[in-house]
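Reader: I would like a close look at a single part of this model, with the cut-offs stated wherever a term depends on them. Please take the part slowly and place it in its surroundings.

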Amino acid sequence: MNCRIEAGEESGRCVACGSDGTGCPEGQECSSYGDCVPIGLECPTDNEGTPQITCANSGNCATCDPAHRICDGGQCVGCTENDTSACQTTDICKDGKCASACATDCTVDNDCSKCMGAKVCNKHRCIECSKTYVCFFGEVSSLANTA
(Lines give C-alpha, C1' and ligand atoms only; values in the text may rest on other atoms or scores of the structure.)
Protein backbone atom coordinates (compact mmCIF):
# COMPACT_ATOMS: atom_id res chain seq x y z
CA MET A 1 0.00 0.00 0.00
CA ASN A 2 1.24 3.45 -0.82
CA CYS A 3 0.63 5.69 2.10
CA ARG A 4 0.78 9.28 3.11
CA ILE A 5 0.46 10.89 6.51
CA GLU A 6 -2.98 12.36 7.01
CA ALA A 7 -3.06 15.83 8.52
CA GLY A 8 -5.63 17.10 10.98
CA GLU A 9 -7.40 15.53 13.91
CA GLU A 10 -5.77 12.10 13.50
CA SER A 11 -2.38 13.33 12.33
CA GLY A 12 0.29 10.73 12.07
CA ARG A 13 -2.09 8.09 10.69
CA CYS A 14 -0.86 6.42 7.51
CA VAL A 15 -3.58 6.42 4.86
CA ALA A 16 -3.79 5.42 1.22
CA CYS A 17 -6.53 7.89 0.31
CA GLY A 18 -8.39 10.96 1.48
CA SER A 19 -11.94 11.22 2.82
CA ASP A 20 -12.82 13.03 -0.41
CA GLY A 21 -11.98 9.83 -2.31
CA THR A 22 -8.74 11.06 -3.81
CA GLY A 23 -5.97 8.52 -4.20
CA CYS A 24 -8.03 5.43 -5.06
CA PRO A 25 -8.01 3.74 -8.44
CA GLU A 26 -11.18 3.41 -10.52
CA GLY A 27 -13.65 0.96 -8.99
CA GLN A 28 -12.49 1.63 -5.46
CA GLU A 29 -13.44 4.11 -2.77
CA CYS A 30 -11.80 5.34 0.39
CA SER A 31 -12.87 3.53 3.57
CA SER A 32 -13.31 5.33 6.87
CA TYR A 33 -9.90 3.91 7.81
CA GLY A 34 -8.11 5.51 4.85
CA ASP A 35 -7.76 2.41 2.69
CA CYS A 36 -8.86 1.97 -0.93
CA VAL A 37 -11.51 -0.77 -1.04
CA PRO A 38 -13.91 -2.08 -3.70
CA ILE A 39 -16.95 0.17 -4.09
CA GLY A 40 -19.89 -1.17 -2.09
CA LEU A 41 -17.89 -3.52 0.15
CA GLU A 42 -19.19 -3.27 3.71
CA CYS A 43 -18.38 -4.67 7.12
CA PRO A 44 -21.46 -4.45 9.36
CA THR A 45 -20.73 -5.02 13.06
CA ASP A 46 -22.64 -5.86 16.20
CA ASN A 47 -22.85 -3.55 19.23
CA GLU A 48 -19.37 -4.67 20.36
CA GLY A 49 -17.71 -3.98 16.99
CA THR A 50 -17.44 -7.61 15.91
CA PRO A 51 -17.89 -8.00 12.15
CA GLN A 52 -21.09 -9.77 11.16
CA ILE A 53 -19.95 -10.98 7.74
CA THR A 54 -18.77 -14.38 6.58
CA CYS A 55 -15.52 -14.04 4.65
CA ALA A 56 -13.99 -16.29 2.03
CA ASN A 57 -10.68 -14.40 2.00
CA SER A 58 -9.06 -11.40 3.67
CA GLY A 59 -10.19 -9.13 0.84
CA ASN A 60 -13.75 -9.54 2.18
CA CYS A 61 -12.55 -7.94 5.44
CA ALA A 62 -10.94 -4.89 3.80
CA THR A 63 -13.53 -2.40 5.09
CA CYS A 64 -13.49 -3.76 8.64
CA ASP A 65 -11.61 -1.96 11.40
CA PRO A 66 -7.87 -2.67 11.63
CA ALA A 67 -8.45 -5.28 14.34
CA HIS A 68 -10.55 -7.40 11.95
CA ARG A 69 -8.79 -7.46 8.55
CA ILE A 70 -7.68 -11.09 8.27
CA CYS A 71 -10.09 -13.88 7.23
CA ASP A 72 -9.81 -17.02 9.32
CA GLY A 73 -12.40 -19.77 9.12
CA GLY A 74 -15.04 -17.44 7.70
CA GLN A 75 -14.55 -14.74 10.33
CA CYS A 76 -12.71 -11.42 10.10
CA VAL A 77 -10.06 -11.39 12.84
CA GLY A 78 -6.96 -9.38 13.68
CA CYS A 79 -4.43 -12.08 12.83
CA THR A 80 -3.72 -15.77 12.56
CA GLU A 81 -0.68 -17.73 13.64
CA ASN A 82 0.53 -17.57 10.02
CA ASP A 83 -0.58 -14.01 9.22
CA THR A 84 0.38 -11.19 11.57
CA SER A 85 0.56 -8.58 8.79
CA ALA A 86 -1.98 -6.35 10.56
CA CYS A 87 -0.05 -6.47 13.84
CA GLN A 88 2.85 -4.37 15.08
CA THR A 89 6.24 -5.93 14.41
CA THR A 90 6.65 -6.62 18.14
CA ASP A 91 3.30 -8.44 18.39
CA ILE A 92 2.28 -12.06 18.15
CA CYS A 93 -1.18 -13.47 17.47
CA LYS A 94 -3.20 -14.72 20.44
CA ASP A 95 -6.75 -15.95 19.87
CA GLY A 96 -7.16 -14.00 16.62
CA LYS A 97 -5.95 -10.74 18.18
CA CYS A 98 -2.63 -8.93 17.95
CA ALA A 99 -0.96 -8.94 21.35
CA SER A 100 2.38 -7.87 22.72
CA ALA A 101 4.95 -10.64 22.53
CA CYS A 102 6.15 -9.58 25.97
CA ALA A 103 4.05 -10.65 28.91
CA THR A 104 2.56 -7.65 30.70
CA ASP A 105 2.80 -9.40 34.07
CA CYS A 106 5.22 -12.32 33.98
CA THR A 107 5.78 -14.71 36.86
CA VAL A 108 8.39 -17.05 35.34
CA ASP A 109 11.05 -16.65 32.63
CA ASN A 110 9.02 -18.81 30.25
CA ASP A 111 6.33 -16.07 30.17
CA CYS A 112 8.89 -13.96 28.30
CA SER A 113 9.89 -16.64 25.77
CA LYS A 114 8.45 -14.79 22.75
CA CYS A 115 9.60 -11.36 23.83
CA MET A 116 12.35 -10.12 21.51
CA GLY A 117 15.52 -9.53 23.48
CA ALA A 118 13.88 -9.62 26.93
CA LYS A 119 13.89 -13.28 27.98
CA VAL A 120 13.93 -12.99 31.78
CA CYS A 121 11.09 -12.28 34.21
CA ASN A 122 12.18 -9.86 36.94
CA LYS A 123 9.69 -8.27 39.32
CA HIS A 124 6.82 -9.10 36.91
CA ARG A 125 8.54 -7.46 33.90
CA CYS A 126 10.33 -9.07 30.98
CA ILE A 127 13.92 -7.81 30.83
CA GLU A 128 17.04 -8.73 28.86
CA CYS A 129 19.13 -10.17 31.69
CA SER A 130 19.37 -10.65 35.45
CA LYS A 131 21.77 -11.97 38.08
CA THR A 132 20.89 -15.51 36.97
CA TYR A 133 20.74 -14.78 33.21
CA VAL A 134 23.92 -12.97 32.19
CA CYS A 135 23.76 -10.24 29.55
CA PHE A 136 25.69 -10.69 26.29
CA PHE A 137 29.24 -9.35 26.16
CA GLY A 138 29.31 -8.59 29.89
CA GLU A 139 26.62 -5.88 29.68
CA VAL A 140 24.58 -5.22 32.80
CA SER A 141 20.87 -4.60 32.71
CA SER A 142 19.70 -1.50 34.56
CA LEU A 143 16.79 -3.61 35.78
CA ALA A 144 18.84 -6.62 36.84
CA ASN A 145 18.75 -5.86 40.56
CA THR A 146 16.92 -9.02 41.62
CA ALA A 147 16.93 -10.04 45.20
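Are Asp 35 and Arg 69 buried or exposed?

Author: Both Asp 35 and Arg 69 are buried, where the word stands for under 20% relative accessible area, with exposed for over 50% and partly exposed for values in between (1.4 Å probe, protein chains only). This is a predicted model, so local features need pLDDT of at least 70 and side-chain atom pairs pLDDT 80 or more, while totals for chains, interfaces and linings use all residues. Residues are numbered from 1 along each chain as its sequence is written, and side-chain values use heavy atoms, without hydrogens or water.

The setting comes before the pair itself. Buried residues account for 33% of the 147 residues in the protein chain. That chain has 10 strands and 0 helices, a strand being a DSSP run (E) of at least two residues, a helix one (H or I) of at least four, both numbered from the N terminus. Read from the N terminus, the order of elements is therefore β-β-β-β-β-β-β-β-β-β.

Asp 35 and Arg 69 meet through their side chains in a salt bridge, with 2.9 Å from N to O; the term asks for a side-chain nitrogen of Lys or Arg within 4 Å of a carboxyl oxygen of Asp or Glu. The structure holds 1 salt bridge. Because Asp 35 sits in the loop between strand 3 (28-30) and strand 4, and Arg 69 in the loop between strand 4 and strand 5, the pair ties together parts that lie 34 residues apart in sequence.

From its place in the loop between strand 4 and strand 5, Arg 69 also has to be read through its polar contacts, pairs of N or O atoms within 3.5 Å in which, within protein, one can donate a hydrogen and the other accept it, neighbours in sequence counting only through side-chain atoms on both sides. The side chain of Arg 69 makes such a contact with the side chain of Asp 35, at 2.9 Å. It also reaches the backbone oxygen of Cys 64, at 2.7 Å.

The loop that carries Arg 69 holds other residues worth following. Asp 65 lies there too, between strand 4 (36-38) and strand 5 (70-72), and although Asp 65 is buried, it has no salt bridge. With Lys and Arg taken as positive, Asp and Glu as negative, and His and the chain ends left out, the nearest side chain of opposite charge to Asp 65 is that of Arg 69, 7.0 Å away. Asp 65 nevertheless has polar partners: its side chain reaches the backbone nitrogen of Ala 67 at 2.9 Å, and a polar contact of 2.8 Å joins the side chains of Asp 65 and His 68.

Gly 59 is likewise found in the loop between strand 4 and strand 5, and because its relative accessibility is 42%, Gly 59 counts as partly exposed. Between the C-alpha atoms of Gly 59 and Arg 69, which are 10 residues apart along the chain, the separation is 8.0 Å.

Arg 69 also takes part in the lining of the largest pocket, together with Ser 58, Pro 66, Ile 70, Ser 85, Ala 86, Cys 87, Gln 88 and Asp 91. A pocket here is an open set of points on a 1 Å grid where a 1.4 Å probe fits, with protein on both sides within 12 Å along at least five of seven lines, and lining residues have an atom within 4 Å of a point. Ala 67 and His 68, the polar partners of Asp 65, are among the residues lining the second largest pocket, as are Asp 95 and Lys 97. Strand 6 (residues 75-77) gives the most to that second lining, with 3 residues.

Asp 95 leads the account away from the loop of Arg 69. Asp 95 lies in the loop between strand 7 (91-94) and strand 8 (97-100), and although it is not a glycine, it has a positive phi of about 55°. Because the relative accessible area of Asp 95 is 79%, this residue is exposed, whereas Asp 35 and Arg 69 are both buried. His 124, in the loop between strand 9 (120-122) and strand 10, is another non-glycine residue with a positive phi, of about 70°, and at 43% relative accessibility His 124 counts as partly exposed.
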